[in-house]
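The following exercises concern charged pairs, a closed sheet and enclosed spaces. Each task is followed by a solution that proceeds step by step.

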Amino acid sequence: MTDLPAHASTVVIGGGIMGCSTLYHLAGMGVGDAILLERDKLASGTTWHSAAQVRALRHSRNLTRMIRYSIDLYSRLERETGQSTGWIGKGSLSIATTPDRLVHIRRQEALAHAFGVEAESISPGEAKERWPLMNTDDVLGAVWSPGDGRVGPSDVSAALARGARARGTRLFEDVRVTGILTGNGRVRGVETSAGTVMCDAIAVCAGLWSREVAAMAGARAPLLACEHFYLLTGPVDGISGNMPTLSDHDGRLYIRDDSGGLLIGCFEPMGKPIPPGALGENFAFGLLPEDWDHFEPMMMNALHRLPVLETAEARMLLNGPESFTPDGMFMLGETAETRGLFLGCGMNSVGVASAGGAGMNLAHCIVHGHTAYDLSEADAMRFAPVFDRVEHLMARAPEVLGAHYEIAYPGREFAAARDLRRLPLDAEHRAAGAHMGQFYGWERPLWFGKTAEPALSFDRPDWFEAVGREVAAAHERAAVFDLSPFGKIEVEGPGAEAFLQHVCASDMAREPGAAIYTAVLNARGTYESDLTAQRLSADRYRLCTGAAAIARDLAWFQRHAEGFDITLRDVTDDHAVLGLMGPDSARIAEALGAPELNALGYFRHAVANLAGRRVRAARLSYVGEAGWELTCRVEDTSAIYAALMGAGAAPAGLHAQTSMRIEKGFAAMGHELDGDIGPVEAGLDRLCSRRKSFIGSNALAERRKTGRRTLATIVLDDPDAVPLGHEPVRFDGRIVGQTTSAAFGYRIGRPLALAHVSGAPDGAEVEVDIAGDRRPGRLRFAPAFDPEGRRMRGSGG
């Protein structure tokens, strides 16, 4: 009989590589009474059949840092535990057979240099030397990454388990979780086939079954399993020993040696979804039926790349389930719905590569309340509730699988599971030719005037001229930006001011009628969020935050509200917000019966009747042009919008707003601001109070002593350059930083970027590395544009 403890501080559910890593790291952080529960045997479900590639380079610094941690861990586990991990460090080779793929892998190479990862461009001939069996007739170039490798997934799981046991924790196999006990919004215990364990925290690392396990605690974990295929051959002449992993992403293939033969896996254009419950509760080390008809197009690609396959024995077509999330990124961290419930799941077929670092970060989150470094792109709270519906997961997950090897074009959008949330002005936007993008489920206009799908590229985009017209409208006349998707939280009660003074860095003790921009910091003095607040009355504020941040921000406030006499409400769906911006805004307000708005001071708000409808107008601007953010009832939105258009305003989309934001040097969460950056580095320290105590104030005081501003603007000399963000910045022959946001600046006539840099002075001539092409520009710790018309030029003029 299984001897479960009556209590454990943390229960890890799931004995795959992610669960084993989480337990191993919890033990290493001193949580000696943590336990792991596995419904079958360790490594069952997905882990055991993984192809187990470990490639370090990812699209962000911290994801790359996370996998580099995995590589280091896997290479030393055997020495620590005596259990082999099967680590084979033979490197990886990425080839390009199209010009855009070549740009894509060269952008990756440039990022590698910024992140300290060894990578180099090589010729097709050099690629052939590393993979002699490969047909290189159509190969244009390649990138070689010598530090990459692969492991034995079951071996790594066993090594992690052995290491966890050695540190005092316990693992229980053949114990099925049947329920999760909760109370007062947090976890209390786990019910199992072997009894009940009370606990303080639960880590859901249950792989394919994580959605169902999270639901036991009233939380959402939107993921769905899809079939994933790879071919195993018999011995092949020319395979001797181990070889690098070969990535032919234009052919949607990954290839490596396996026991003297070949392993050839694919991410086909559209995967095959597996409905919830279809695998059965006893599925563990099983496989799904071979499907040669589905695999045939990928087989043709493989025959082209490896002609030796024509005579190779096809040993088996392995078909195993993998779980995918709506955006292709795993989920890591505490859930919004239930305190103490942490997710480490939805690994999107990179679970083995990620698990070492992801398990460490999940353990860190459980023990310390935050990940070891910012991983907000994997935040467990980032999905709108609508994405957890089965019909939407069934539509989106196959496309996510197919996008795994897509070229990372700017502007790429998913096609499935769209129109989930429509703005009040959806019909008007579509009638005006809006091209929509999806944000937290909302369909939001990106630009207007072209309804056909754009041709994606790394050059000037199809929407370039349309966005230019919208910027011109906002700069020379007036434009309306639909800001309705932004999250809105109302704080009400006698303790509202005291609460916001505690959780916000700015002075929130302003009189009613004040609008306030504020940072929301954590105890480390770095950003949890930034938002604007309107004080509506002595005991009521309305907060406006990012569209995708609403669940995270509301959870943060709720978890710090104890002891304050307040209520918190999500009122996002109750109000629409329109940004009327541009020099003609004053005339339009007067023409529509609200001339008093022209006397409203900056960062003030007031109620007015505009076109006969009640609005609350706040004198704010995110684009560097005069105007107001107009909040109104949803049912009044169409009438107000029609009046604004009739008075001469033009519609404008998110791309225009982003261009103008970057010109004005305004930082955005998830780009310039995150959990590793504080107000000092962002140049926003002046907006944080020095006269009160708030969450993060002590840490901020220390950062003021030692830190310095790193956020800068770079204006490029060449008007035809196309920076996208995430490019290395070089000064004096060395990498000094990385761009965060980039766009064409229509008001200054140059491409530009915001970047975090260290070691380059104000006014320095720098280079931005765009796919290996170093484009010169000038760096300044000031905006490129201000509304008085002053412009910052590049080094060429």
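**Exercise 1.** Determine whether Asp 248 and Arg 305 are buried or exposed, and state how the two are linked.

*Solution.* Step 1: Asp 248 and Arg 305 are both buried, where buried means under 20% relative accessible area, exposed over 50%, and partly exposed in between (1.4 Å probe, protein chains only). The model is a predicted one: local features need pLDDT of at least 70 and side-chain atom pairs pLDDT 80 or more, whereas totals for chains, interfaces and linings use all residues. Residues are numbered from 1 along each chain as its sequence is written, and side-chain values use heavy atoms, with hydrogens and water left out.

Step 2: A salt bridge connects Asp 248 to Arg 305, with the closest N and O atoms 2.9 Å apart; the term denotes a side-chain nitrogen of Lys or Arg within 4 Å of a carboxyl oxygen of Asp or Glu.

Step 3: Asp 248 belongs to strand S13 (residues 245-248) and Arg 305 to helix H7 (residues 292-305), so the pair ties together parts that are 57 residues apart in sequence. Helices (H or I, at least four residues) and strands (E, at least two) are DSSP runs, numbered from the N terminus.

**Exercise 2.** Describe the salt bridge between Arg 569 and Glu 490, including the accessibility of each partner.

*Solution.* Step 1: The side chains of Arg 569 and Glu 490 meet at 3.2 Å, N to O.

Step 2: Since Arg 569 lies in strand S28 (residues 567-570) and Glu 490 in strand S24 (residues 487-492), the pair ties together parts that are 79 residues apart in sequence.

Step 3: Arg 569 has a relative accessible area of 40% and is partly exposed, whereas Glu 490, at 1%, is buried.

Step 4: Elsewhere, Asp 72, Arg 76, Glu 80 and Arg 167 are joined into one network by salt bridges that share partners. The total count is 51 salt bridges.

**Exercise 3.** Give the strand order of the barrel and identify the bridge partner of Ile 714.

*Solution.* Step 1: The barrel is closed by 6 strands in the order S34-S37-S36-S35-S38-S39, with antiparallel pairing; two strands pair if DSSP finds at least two bridges between them.

Step 2: Strand S34 (residues 711-716) and strand S39 (residues 773-780) run antiparallel and are joined by 4 bridges.

Step 3: Ile 714 has Leu 779 in S39 as its bridge partner.

**Exercise 4.** Establish how many cavities of 30 Å³ or more the structure holds, and characterise the largest cavity and the second largest cavity.

*Solution.* Step 1: There are 4 cavities of 30 Å³ or more. On a 1 Å grid over the protein atoms alone, a cavity is a set of points where a 1.4 Å probe fits but cannot get out, and lining residues have an atom within 4 Å of a point. Grid points are joined across faces, edges and corners, and a volume is the space filled by probe spheres set on the points.

Step 2: The largest cavity has a volume of about 90 Å³. Its lining includes Lys 488, Arg 542, Cys 544 and Glu 629.

Step 3: Strands S26 (527-537), S27 (540-545) and S32 (627-633) each contribute at least two lining residues, and S27 provides the largest share, 3 residues.

Step 4: The second largest cavity holds about 50 Å³; among its lining residues are Phe 481, Met 581, Tyr 622 and Glu 629.

Methods. On a 1 Å grid over the protein atoms alone, a cavity is a set of points where a 1.4 Å probe fits but cannot get out, and a pocket is an open set with protein on both sides within 12 Å along at least five of seven lines; lining residues have an atom within 4 Å of a point.
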